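I opened the notebook to go through this fold strand by strand. The notes below follow the order in which I looked things up.

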Amino acid sequence: MLAKGLLLATLLPAVLADVQFTSPAAGATIAAGKPITVGWKDSGDGVALTDLSTYTLFLCAGGNDAASFIQLFPINAQGKFSTGNQASATVASTLGGPDKNAYFLKMQSVGAKGAQVINYSDRFSFSGMTGTFPPEVAAGIKKVSGTEGPPSSEVEAPDAAGGAQDGEAVSYAAQTGLIKYAPMLTPPGTKITKKTPSPRYPSSKVTIAKTFLPTPKQTTTMTASNTYAPAQSRPFQAPAASQPQDDMQKFLHRWRD
């Protein structure tokens, strides 16, 4: 069964859409080192694909929960829905292991208002793979039965899950959405009033990682637009006189006093 988007109409009444993968087929086996062609269509749920603008498409491997799979390879890191419903790339044989149905696709789509939809494909295999997987990924693959990929897509509005349109309602570090929002850049002051420098913000708590951390899900940071206009005025000093160009003019100019 192909993975479908989680319809959160209360959050996204106007930007919800869903991608349904048509290729590779569930359980298919693809030869490593040869192009893989990915196809998709509108699933018929929510708004049409024409309401989505861009996407990133990744080849993934591992289990069905976020902690047990990784993004191996960007099939298309800057895709546009306006260019069609296919993408292709060649997968190197050293990219992963030969495990059956270890691989699937992840498409992260972006709507006109910044909302995002994540869809996963069914699982498939590669023949001739010579690489290996990290321990947590290999363990996740062993827990999978059948060809179904991760159970659902993730949909978040720009101001949901800790985001903020103006970047000020929730601090940057506390935001958990797919898109993080930063406040407007602070304009420089007109006078220097401090005699001794001091940190603007308190120091952050640091915890040293002792194991592999999960892949960050945030995709970009959006900074609020400037709401101020710098004051401008014409310079008061007279423009510099034109300087002599040839050697004789330079000589006369030097001794003209």
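I began at the hairpin that joins S4 to S5 through six residues. This is a predicted model, so I read every value here as computed. S4 covers residues 52–62, and S5 covers residues 69–80. The two strands run antiparallel and are joined by eight bridges. I looked up one bridge by name: Tyr55 has Gly79 as its partner in S5.

Next I checked what else pairs with S4. S7 does, in the antiparallel sense, over nine bridges. Here I noted that Cys60 stands opposite Phe104 in S7.

Is S4 mostly covered or mostly open? I found it mostly covered, with eight of its eleven residues buried.

Then I moved to S3 and S6. They pair in the antiparallel sense over five bridges. Thr37 has Ser88 as its bridge partner in S6.

I read along S6, residues 86–90, one side chain at a time. In a regular strand the side chains alternate between the two faces of the sheet. S6 shows this alternation. Ala87 and Ala89 point to one face and are buried. Gln86, Ser88 and Thr90 point to the other face and are not buried.

Core next. Which residues have the most contacts inside the largest nonpolar core? I wrote down Trp40, Leu57, Tyr103 and Phe126. This core has 29 residues. I then listed the elements that each supply at least two of its residues: strand S1 (19–23), S3, S4, S5, S6, S7 and helix H1 (135–142). S4 gives the most, with five residues.

After that I turned to the rings. A pair of aromatic rings is described by the distance of the centres and the angle of the planes. I counted eight aromatic pairs. One of them is Trp40 with Tyr55, at 5.2 Å centre to centre and 70° between the planes, which is edge-to-face. Trp40 sits in strand S3 (residues 35–42) and Tyr55 in S4, so I looked at the sequence distance as well; the pair links distant parts of the chain, 15 residues apart. Both Trp40 and Tyr55 are buried.

I took a second pair, Phe104 with Tyr120. The ring centres are 6.1 Å apart and the planes stand at 70°, so this pair is edge-to-face too. Phe104 lies in S7 (residues 103–111) and Tyr120 in strand S8 (residues 116–120), so the pair ties together parts 16 residues apart in sequence.

Are these two residues buried or exposed? Phe104 has a relative accessible area of 0%, so I marked it buried. Tyr120 has 10%, so I marked it buried as well.

I also noted one aromatic cluster, formed by Tyr103, Phe124, Phe126 and Phe133. Tyr103 and Phe126 were already on my list of core residues with the most contacts.

Last, I looked at the outside. Which residues make the nonpolar surface patch of about 500 Å²? I found Met248, Phe251, Leu252 and Trp255. Met248 is in helix H2, residues 247–254. Its relative accessible area is 54%, so Met248 counts as exposed. The cut-off for exposed is over 50%.

Key: Residues numbered from 1 in each chain as written. Predicted model: local features only at pLDDT ≥ 70, side-chain atom pairs only at ≥ 80, totals over all residues. Heavy atoms only, no water. Patch = residues over 30% accessible without salt bridge, like charges linked within 9 Å, V, L, I, M, F, W, Y side chains within 5 Å. Areas by Shrake-Rupley, 256 points an atom, 1.4 Å probe, with all protein chains shown as cover. Salt bridge = Lys/Arg side-chain N within 4 Å of Asp/Glu carboxyl O. Helix = DSSP H or I, 4+ residues; strand = E, 2+ residues; numbered from the N terminus. Buried < 20%, exposed > 50% of the residue type's maximum accessible area, 1.4 Å probe, protein only. Phe/Tyr/Trp six-rings, centres within 6.5 Å; stacked < 30°, edge-to-face > 60°. Pairing = 2+ DSSP bridges. Core = buried A, V, L, I, M, F, W, Y, C linked by side-chain atoms within 4.5 Å.
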